Amino acid sequence: MRGVVASSAGAGETPRRSLEAPSPRYGEKAIKVFLAACGGLSVLVTTGIVLSLAFGAIDFFREVPVHEFLFGTNWAPSFTPSHFGVLPIVTGTLNIVFWALVVSVPVGLASAIYLSEYAPNRVRKTIKPMLEILEGIPTVAIGLFALMFLRPLAADVLPFLDWGGVHSIGVAGVAVGLLIIPLVASISDDAMRAVPRGLREGAYALGASKLRVSARVVFPAAISGIVAAVVLAVSRAVGETMVVLLAAGARAQITANPTDSAQTMTAYIGQTATGEIAFGTVAYYTIFAVGALLFVMTLIMNLFAIRLVRRFREVYE
């Protein structure tokens, strides 16, 4: 066999063979170098993003105290007098994430259970790509859909609520939830399908119904993948910009009313970073301060999720 070299062996012993190539494989080495360069490039890009946010945030906190930024309840950096309390846009972001999860998690998990446990293979191959098309729709189109269709529909369905304006936290959150349903459904479906078939067969042998097997066997066994899907959905909802910019409004206020308008952190960055603010001003550096806070919030959430996934991860032989 080519590439196999026999080594010395004593009498009556089976010759040992080496699987090493007789000549260096330069193509394989080039691929390794390319892959290593791609990994290094991702690290450099991430480092550049962190440094750019850090330097801008440092310039901001030279003018504004940290406690005023983190605990202030009035956000008006472009007005006179200026106020830099970030809590209104943080609560706006959390409100959007809450309503997005209310929509995406139940619908996404139900879709995943159907695709994994109930749908025939032919139906699954048809439904799953169609479901994932929703994630490929431009977010500006989803925002216009929320503004022009979901907002009037919500006012017609729930006329007893006070719909004061055209923007709404609840409508924007529902639109973001529709956007991230494919993410929850696809990853959860993959996690459920990775559960060994033997667990299902054992439960069926004990007389369990398909619903009980899905809820009591498959779902707990796939919980680590499901948690990862929810965490990615939260990250996607936190980072969404165009939908909330169009549907949630630009009024920075602390409110829990889903019919009120609100401004999120990403919407503020998208609305402010248009080149109309003078470079080097405090209002300009607020972009970096808000971006750095958003980065830290996402990092903490991901670290918590990693620990949670490791705690509930099931390993099957």
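Visitor: Let's start with one side chain in this predicted model. What is the relative accessible area of glutamate 201, and how do I read it?

Guide: Glutamate 201 comes out at 46%. Exposed needs over 50% and buried needs under 20%, so anything in between is partly exposed. That is the label glutamate 201 gets, whereas arginine 197, at 51%, counts as exposed.

Visitor: Which helix holds arginine 197 and glutamate 201, and how far apart are they along it?

Guide: Both sit in helix H7 (residues 197–205), four residues apart, or about one turn. Elsewhere, Arg124, Lys128, Asp189 and Asp190 are joined into one network by salt bridges with shared partners.

Visitor: How should I think about such pairs in general?

Guide: Opposite charges on side chains can pair when the charged atoms come close. Here, arginine 197 and glutamate 201 form a salt bridge at 3.9 Å, N to O. Aspartate 189 and lysine 128 make another, at 3.0 Å. That pair ties together distant parts of the chain, 61 residues apart: aspartate 189 is in helix H6 (residues 169–193) and lysine 128 in helix H4 (residues 121–136).

Visitor: Are aspartate 189 and lysine 128 buried or exposed?

Guide: Both are buried. The whole structure has eight salt bridges.

Visitor: Zooming out, how many helices and strands are there?

Guide: Twelve helices and four strands. The radius of gyration is 26 Å, well over the 20 Å the globule rule gives for 317 residues, so the protein chain is more spread out than a compact globule. Its C-alpha trace spans about 95 × 55 × 35 Å along the principal axes.

How values were computed. Residues numbered from 1 in each chain as written. Predicted model: local features only at pLDDT ≥ 70, side-chain atom pairs only at ≥ 80, totals over all residues. Heavy atoms only, no water. Helix = DSSP H or I, 4+ residues; strand = E, 2+ residues; numbered from the N terminus. Rg over C-alpha atoms; globule rule 2.2 N^0.38 Å. Salt bridge = Lys/Arg side-chain N within 4 Å of Asp/Glu carboxyl O. Buried < 20%, exposed > 50% of the residue type's maximum accessible area, 1.4 Å probe, protein only.
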